[in-house]
Amino acid sequence: MLGGAGLAASSLLPAAADEVAALKGNLKHSVARWTFANQSVAQLCQTVKSLGFAAIDLVGPNDWPTLKAHGVYSSMCNGAELGLDKGFAGRQFHDELVQRYTRHIDLVADAGYRNLICFSGNRNGMDPLEGLSNAEAGLKRILGHAEKRGVLLVMELLNSKVDHPDYLCDHSAWGVELCKRIGSEHFGLLYDIYHMQIMEGDVIATIRQHHATFKHYHTAGVPGRHELGDDQELNYPAICRAIRETGFQGYLAQEFMPTAADPVRSLREAIRLCDV
């Protein structure tokens with residue numbers, strides 16, 4: 001996932017105190033654990049703290065004790081899902097998903113966390129309206145428990161054009177309609193900027209129109225899902241200003257795959273770019 005790039009020893013050293021203090025604090029930053037697979041969870045905890053933030057995305061229960069030991073927050077919990085292709089749009093998966101998510105909601109709440117990711121799964125030939133009805137029915141079986149425990153279920157929007165063929169929740173309109181049907185503050189969407197740029201574009205206008213349903217954000221450069229630099233097509237400072245202006249209180253997590261020789265420097269530059 002890191003394109004063979006090694007981790008320079010200097011990349012793990014804490015940043016200078018004035019550099020850490022420079023973050024504005026208008027947005028809460030995080031990074032997806034899987035994009036730094038060459039670092040242990042403990043090393044990644046040290047890395048994020050050296051860059052001035054303290055959250056890691058897509059971490060499951062086995063690694064929560066390590067995060068807690070380093071004072072790092074699990075900004076998006078995972079581990080209940082059956083995979084990206086087997087989600088709540090498929091009624092055949094509901095019983096197993098309900099069992100897994102009911103248990104995981106308790107794990108998340110007991111650990112003091114809030115966000116738990118979920119997925120629509122693939123179309124598998126079904127009409128999108130049928131998938132909406134199926135997802136609504138399945139999610140409502142666990143929604144009451146999530147509300148009781150204070151856990152937010154967050155369904156990710158993914159592209160079906162490049163990375164996840166046949167994935168159903170691949171347009172913001174489908175996800176927004178699901179949110180309307182669910183009708184709870186304990187269910188929302190993970191608006192992945194990279195994925196939605198590929199599927200529909202119009203990112204800033206969509207954020208302004210539907211921000212109430214967007215509970216979490218992911219970033220990456222388009223095309224390629226790599227660094228957020230000036231060789232890709234998204235204007236991340238403008239996008240992040242739009243997110244900030246909505247009054248967003250959740251997390252913005254970097255989910256790009258570093259290609260540079262120093263991936264920690266890439267992460268530092270991405271955080272600076274998005275820290276508006």
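**Exercise 1. A residue in a strand**

At 17% relative accessibility, does Leu58 count as buried or exposed? Work out where Leu58 lies and what is unusual about its backbone too.

*Solution.* Before we start, keep in mind that this is a predicted model.

Step 1: find the spot. Leu58 is part of strand β2, which covers residues 55–59.

Step 2: compare with the cut-off. Buried means under 20% relative accessible area. Leu58 has 17%, so Leu58 counts as buried.

Step 3: look at the backbone. Leu58 has a phi near 60 degrees, which is a positive value in a residue other than glycine.

**Exercise 2. Two loop residues and a proline**

Place Asn124 and Gly71 in their loops, and decide how exposed each of them is. Then find out what kind of peptide bond leads from Val222 to Pro223.

*Solution.* Step 1: start with Asn124. This residue sits in the loop between β4 and α5 (128–149). Exposed means over 50% relative accessible area, and Asn124 has 54%, so Asn124 counts as exposed. Its phi is positive, about 50 degrees, although Asn124 is not a glycine.

Step 2: go on to Gly71, in the loop between α3 (64–69) and β3 (73–77). Its relative accessibility is 47%, so Gly71 counts as partly exposed.

Step 3: ask what Gly71 touches. If you skip its neighbours within four places in sequence, Gly71 is in contact with Lys49 and Ala54. Take Lys49: Gly71 and Lys49 are 22 residues apart in sequence, while their C-alpha atoms are 8.8 Å apart in space.

Step 4: check the proline. The peptide bond from Val222 to Pro223 is cis, and its omega is near 0 degrees. You'll find Pro223 in the loop between β7 (214–219) and α9.

**Exercise 3. Hunting for disulfides**

How many disulfides does the structure hold? Explain why Cys77 and Cys240 are too far from their closest cysteine sulfurs for a bond.

*Solution.* Step 1: recall the cut-off. A disulfide needs two cysteine sulfur atoms within 2.5 Å.

Step 2: try Cys77. The closest cysteine sulfur belongs to Cys118 and is 13 Å away, so that is too far for a bond.

Step 3: try Cys240. Here the closest cysteine sulfur, in Cys274, is 3.6 Å away, which is also too far for a bond because the limit is 2.5 Å.

Step 4: give the total. The structure holds 0 disulfides.

Step 5: add the surroundings. Cys77 has 0% relative accessibility and counts as buried. Cys240 counts as buried as well, with 0% relative accessibility.

**Exercise 4. Following the strands**

Which strands are joined by bridges to β5, and how many bridges are there in each case? Then do the matching job for β8.

*Solution.* Step 1: look from β4 to β5. Strand β4 (residues 115–118) runs parallel to β5, and 4 bridges join them. Across this pairing, Leu116 stands opposite Leu153 in β5.

Step 2: look from β5 to β6. Strand β5 (residues 152–156) is joined to β6 by 4 bridges, and these strands run parallel. Glu156 has Leu190 in β6 as its bridge partner.

Step 3: check the cover. In a regular strand, side chains alternate between the two faces of the sheet. On one side of β5 you have Leu152, Val154 and Glu156, on the other Leu153 and Met155, and all are buried. For β6 (residues 187–192), 6 of the 6 residues are buried, so β6 is largely enclosed by the rest of the structure.

Step 4: turn to β8. Strand β1 (residues 28–32) is joined to β8 by 4 bridges and runs parallel to it. β7 also runs parallel to β8, joined by 3 bridges.

Step 5: find the residue that links these pairings. Gln254 in β8 is the bridge partner of Val31, and Thr219 stands opposite Gln254.

Step 6: sort the β8 residues by direction. Tyr251 and Ala253 point one way, Leu252 and Gln254 the other way, and all are buried.

**Exercise 5. A helix pair**

At roughly what angle do the axes of α8 and α9 cross? Name the residues that make the contact.

*Solution.* Step 1: get the geometry. The axes of α8 (residues 203–210) and α9 (residues 236–245) come within 10 Å and cross at roughly 5 degrees.

Step 2: name the arrangement. Angles under 35 degrees count as roughly parallel, so α8 is roughly parallel to α9.

Step 3: list the contact residues. From α8 come Val203, Ile204, Ile207 and Arg208, and from α9 come Ala238, Ile239, Ala242, Ile243 and Glu245.

Step 4: sort them. The contact has 7 nonpolar residues, no polar ones and 2 charged ones.

How values were computed: Residues numbered from 1 in each chain as written. Predicted model: local features only at pLDDT ≥ 70, side-chain atom pairs only at ≥ 80, totals over all residues. Heavy atoms only, no water. Buried < 20%, exposed > 50% of the residue type's maximum accessible area, 1.4 Å probe, protein only. Axes fitted to C-alpha atoms, helices over the stretch in contact; angles between N-to-C directions. Parallel < 35°, antiparallel > 145°, perpendicular 65-115°, else oblique. Contact = heavy atoms within 4.5 Å. Nonpolar A, V, L, I, M, F, W, Y, C, P; charged D, E, K, R; others polar. Pairing = 2+ DSSP bridges.
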